[in-house]
Amino acid sequence: MGEDLILRNQLFVGDCRNVMALLRENPLYRFDVIFADPPYNLSGNGLQWKNKKDGGDWYMVNERWDQFGEESYAEFTYQWILQAYRLLKPTGSMFICCTYHNIGDVMTALHEVGAKCLNLITWQKSNPVPNMTRRTLTHSCEYIAWFAHGKGWTYNYDLMKQEPDANGKQLRDLWKFPVCQGAERIKGPDRRAAHPTQKPLALVRRALRATTRPGSSALDPFMGSGTTAAAAHELGLRWIGIEREEKYVQIIRDRLESRGADFNVSPKPTLLDLSAEEDGQQDRWTPRSRPQARRRSFYSAPKPLG
Ligand SMILES: C[S@@+](CC[C@H](N)C(=O)[O-])C[C@H]1O[C@@H](n2cnc3c(N)ncnc32)[C@H](O)[C@@H]1O
């Protein structure tokens, strides 16, 4: 690989499992940070709440891309996490968004690939949607699992002490941000949210700022409305995004072009057969495919640096 080769900002349109398998063939595509906000497998219900008092209607996420019929969600989760983990630099960090619905599958897959859990960040929504059913507590939190390969990951400790809610002290693992709304929320021609699960920019920016240096590279396998690319652009990082649904590509284009970002959009790459084994790791998920010995260190506390 020549010294002059640098990773260009790029959006790939396709299934992230195939795109990441293709990226792996070129060592240029190795990332300092991966921020992933995968489908949560919550669709199929379609609850709606018309004329909310605080304005607008509320629709439960009900998207084709969030439905897993024949395909097992656990297997999907394992496959994309395995592909992503292979693209993470030895010093890199991977953040995965989840809720109580899918956290079990996410943690199991991370366990299976041998990743080390650094923190389970709780995102407390300062403006959660009230619980329509009134039969359980209001769901006001999501989680962001922070993983690394094992040692030598980058953490900008002093920078994080400067975050507004850290008050000059160590930043904690409870992050309070409002759900994306108002001017930040991208709207479609019908004036409804253009993407149903747009994450707050401030949340993604914090995760990237905590774990990168200027010029680092970021990957988002589930680009959605392009929040990770927008945060990376603000921080001067290079980025690669992957999104399967053509309908979101224009939203991402508009969002990034309005910020003056320089990037390309690449067409769907050819499909790969994911059934082959590599590195002794199976591309197909089977329960307990990892030896017990790897499991013990999974939740162990990291040793302090030097
Ligand atoms: C939860 S949303 C991400 C939202 C994003 N974080 C944002 O702030 O806009 C997940 C996205 O992944 C896309 N997606 C679902 N399955 C995919 C796959 N196998 N490969 C690539 N993208 C996929 C969906 O179309 C959706 O836009």
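Which residues does Ala-207 touch, not counting residues up to four places away in sequence? Select Ala-207 in this predicted model and display its surroundings: the residues it touches, with that exclusion, are Phe-35, Phe-95 and Ile-144.

**First stop: Ala-207**

Keep Ala-207 selected and colour helix α5, in which this residue lies. Ala-207 has 22 C-beta neighbours inside 10 Å, and it therefore counts as buried. Next, add Met-94 to the selection. Met-94 and Ala-207 are 113 residues apart along the chain, while their C-alpha atoms are separated by 9.5 Å.

**Second stop: helices α5 and α6**

Two packed helices are described by the angle between their axes and the distance between the axes. Select residues 201-211 for α5 and residues 227-235 for α6; the two axes come within 9 Å and cross at roughly 55°. The helices are therefore oblique to each other. The crossing in which α5 passes α6 is right-handed.

Now show the side chains where these helices meet. On α5, choose Leu-201, Val-204, Arg-205, Leu-208 and Arg-209. On α6, their counterparts are Thr-227, Thr-228, Ala-230, Ala-231, Ala-232, Glu-234 and Leu-235. Coloured by class, this contact of α5 with α6 shows seven nonpolar, two polar and three charged residues.

**Third stop: the surroundings of the ligand**

Thr-227, part of the α6 side of that contact, also leads to the ligand. There are 18 residues around the ligand, and Thr-227 is among those that come nearest, together with Asp-37, Phe-222, Gly-224 and Ser-225. Colour the shell around the ligand by class: six of its residues are nonpolar, six are polar and six are charged.

**Fourth stop: helices α2 and α3**

Move to another pair of helices by selecting residues 73-86 for α2 and residues 103-113 for α3. Their axes come within 9 Å and cross at roughly 45°. This angle makes α2 oblique to α3. Here, too, the crossing is described by its hand: α2 passes α3 in a right-handed crossing.

To see the contact itself, select Tyr-73, Ala-74, Thr-77, Tyr-78, Ile-81, Leu-82 and Tyr-85 on α2. Then add Asp-105, Val-106, Ala-109, Leu-110, Glu-112 and Val-113 on α3. The contact of α2 with α3 comprises 10 nonpolar residues, one polar residue and two charged residues.

Remain on α3 and highlight its buried residues, which are Asp-105, Val-106, Met-107, Ala-109, Leu-110 and Glu-112. What do these buried residues of α3 pack against? Their partners are α2 and the strands β5 (88-98), β6 (116-125) and β7 (141-148). After α3 comes Gly-114, and its phi is positive, near 90°.

**Fifth stop: Ala-148**

Follow strand β7 to Ala-148, which lies in that strand. Is Ala-148 buried or exposed? Ala-148 counts as buried because it has 22 C-beta neighbours inside 10 Å.

Select Ser-93 as well. It is 55 residues from Ala-148 in sequence, yet the C-alpha atoms of the two are 4.8 Å apart in space. Leaving aside neighbours within four places in sequence, Ala-148 is in contact with Ser-93, Gly-92, Lys-116, Leu-118 and Trp-153.

**Last stop: the whole chain**

Finally, select the protein chain and switch to a cartoon view. It contains eight helices and 11 strands. Of its 306 residues, 32% are buried. Among contacts in the chain with a separation of 6 or more, 72% are between residues 24 or more positions apart.

Methods:
Residues numbered from 1 in each chain as written. Predicted model: local features only at pLDDT ≥ 70, side-chain atom pairs only at ≥ 80, totals over all residues. Near = placed C-beta within 6 Å. Nonpolar A, V, L, I, M, F, W, Y, C, P; charged D, E, K, R; others polar. Axes fitted to C-alpha atoms, helices over the stretch in contact; angles between N-to-C directions. Helix = DSSP H or I, 4+ residues; strand = E, 2+ residues; numbered from the N terminus. Parallel < 35°, antiparallel > 145°, perpendicular 65-115°, else oblique. Left-handed = near helix turned anticlockwise from the far one by under 90°. Contact = placed C-beta atoms within 7 Å. Buried ≥ 20, exposed ≤ 12 C-beta atoms within 10 Å, placed from the backbone.
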